[in-house]
Amino acid sequence: MNLNRRDFAKLGALGLASRLAPKLNAQTSEKKTGYAVIGLGRIAGHFMAGVRNSINSQITALVSGHRDKAERIATEYGISTNSIYSYEDFDRIAENKAVDAVYVALPNSMHCEYTIRAAKAGKHVLCEKPMATNVADCESMIAACKAANVKLMIAYRCHYEPTNLKAVKLIRDGALGQVQAVESSFGFNIRPGEWRLSKKLAGGGPLFDVGIYSLNACRYLTGEEPEDITAYASVLDHDGRFNEVEENVSWTMRFPSGIVASCCTTYGAPMEGFFRVHGSKGWLEVSPAFIYEGLRLRGELSGTALDEPNAARDPSHFQAEAEHFSHCVQNGIEPQSPGEEGMRDMQYITRIYRSAGIAI
Ligand code: NAD
């Protein structure tokens with residue numbers, strides 16, 4: 001079959017549209033999937049609040065190096081103190097029938113170990129992004145979950161967020177005509193002392209942490225996988241923060257249809273996370289696109305202006321993500337952002353780093 005450029009773009013788009021379509025909805029009749037949360041830091045707080053609002057999920061265990069903090073949270077969420085584990089005795093969780101799944105909210109390089117230990121304990125795994133710090137670890141995580149016959153989902157919350165999904169739908173429905181180019185960025189000015197500045201714990205700099213949102217968005221917006229990638233990285237602030245990881249990365253991608261994308265990320269400046277898509281019939285942007293609330297969709301489509309602020313508040317993204325994963329666990333359905341999706345981003349991150357001359 002001979003496909004022209006437009007046919008190819010449409011096919012890719014359809015594949016992604018079916019993956020992203022919010023058709024797997026939790027039902028009020030579902031039981032509650034019990035989660036053990038590993039790593040009680042900032043994102044875990046948002047996730048637990050989202051679970052509390054959900055119809056089909058609950059927090060039933062905690063894993064922490066700080067017993068006092070875990071006991072405080074256990075009281076808040078009505079969790080038995082018998083269901084508090086340390087990192088050392090985590091494997092005992094296999095015996096805890098109230099735990100169906102584990103949410104891994106640890107520094108990036110620890111995702112692999114705890115995903116594999118959770119799978120071996122017979123628990124489904126919802127793992128934070130980035131999936132790991134290298135492709136080999138992603139492969140081991142996928143293999144371990146397959147061997148244990150448990151589900152693995154990477155917590156790409158924007159895949160379950162209505163404004164991002166609306167942007168994808170408008171593109172898939174042809175409202176922009178032929179998409180030509182995508183721009184996206186996300187960054188912040190990092191404080192010294194964060195584990196995010198340790199190559200061992202984080203794997204790399206802002207690309208692993210927040211640039212990944214732009215990378216992933218370019219893939220779900222175009223519905224294609226990048227073919228060619230070129231990148232640059234730099235450090236401007238020689239103040240001790242960037243001895244191990246880069247401060248800035250910018251990269252461009254060309255997709256099989258010919259769509260081009262241009263992205264950047266930083267740990268040296270407050271950089272609002274956004275994307276803008278340019279097509280033959282108009283443009284759309286979501287800005288901000290990647291934070292927990294206040295998302296706004298704007299654009300001009302065939303001469304008609306669009307301006308849709310999203311009134312949903314944190315922790316709605318986390319509620320949607322938890323409800324999706326619990327629904328998959330309870331009904332034996334493959335999540336829409338499985339381990340393979342996290343591994344694809346890791347493969348592209350590796351290519352971006354290689355192009356920028358950074359060892360990974
Ligand atoms: P955090 O520093 O707030 O929390 C990390 C937790 O891990 C803490 O409870 C800490 O005690 C624990 N920990 C265990 N061993 C540690 C070690 N050796 N060094 C440091 N901490 C250790 O981090 P966070 O912002 O919650 O990020 C956790 C994960 O969540 C990361 O992978 C990050 O990329 C991801 N994240 C996702 C989102 C999202 O929106 N999906 C947002 C922020 C972070």
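A pocket, as the term is used here, is an open set of grid points with protein on both sides within 12 Å along at least five of seven lines. In this predicted model, the largest pocket has a volume of about 780 Å³. Its lining comprises 36 residues, of which Arg42, Ile43, Trp195, Arg196 and Tyr292 are the closest to the centre of the pocket. By class, the lining of the largest pocket is made up of 18 nonpolar, 9 polar and 9 charged residues. At least two lining residues come from each of helix H2, strand S7 (179-189), helix H8 (206-222) and helix H9 (316-331), and H2 gives the most, with 4 residues.

Helix H2 (residues 42-53) also takes part in a β-α-β arrangement, described here from its strands. Strand S1 (residues 33-38) pairs with strand S2 in the parallel sense over 6 bridges, and threonine 33 has serine 57 as its bridge partner in S2. Between these two strands the chain passes through H2, in a β-α-β crossover that is right-handed.

Strand S2 is in turn joined by 2 bridges to strand S3 (residues 84-85), with the two strands running parallel; here valine 63 has tyrosine 85 as its bridge partner in S3. The connection from S2 to S3 leads through helix H3 (residues 67-77), and this β-α-β crossover is likewise right-handed. Because 6 of the 7 residues of S2 (residues 57-63) are buried, this strand is largely enclosed by the rest of the structure, where buried denotes a relative accessible area under 20%.

Definitions and conventions: Residues are numbered from 1 along each chain as its sequence is written. This is a predicted model: local features need pLDDT of at least 70, side-chain atom pairs count only at pLDDT 80 or more; totals for chains, interfaces and linings use all residues. Side-chain values use heavy atoms; hydrogens and water are left out. Buried means under 20% relative accessible area, exposed over 50%, partly exposed in between (1.4 Å probe, protein chains only). Two strands pair if DSSP finds at least two bridges between them. A crossover is right-handed if, with the strands pointing away from the viewer, the path from the first strand over the helix to the second runs clockwise. On a 1 Å grid over the protein atoms alone, a cavity is a set of points where a 1.4 Å probe fits but cannot get out, and a pocket is an open set with protein on both sides within 12 Å along at least five of seven lines; lining residues have an atom within 4 Å of a point. Grid points are joined across faces, edges and corners, and a volume is the space filled by probe spheres set on the points. Ala, Val, Leu, Ile, Met, Phe, Trp, Tyr, Cys and Pro count as nonpolar, Asp, Glu, Lys and Arg as charged, and the others, Gly among them, as polar.
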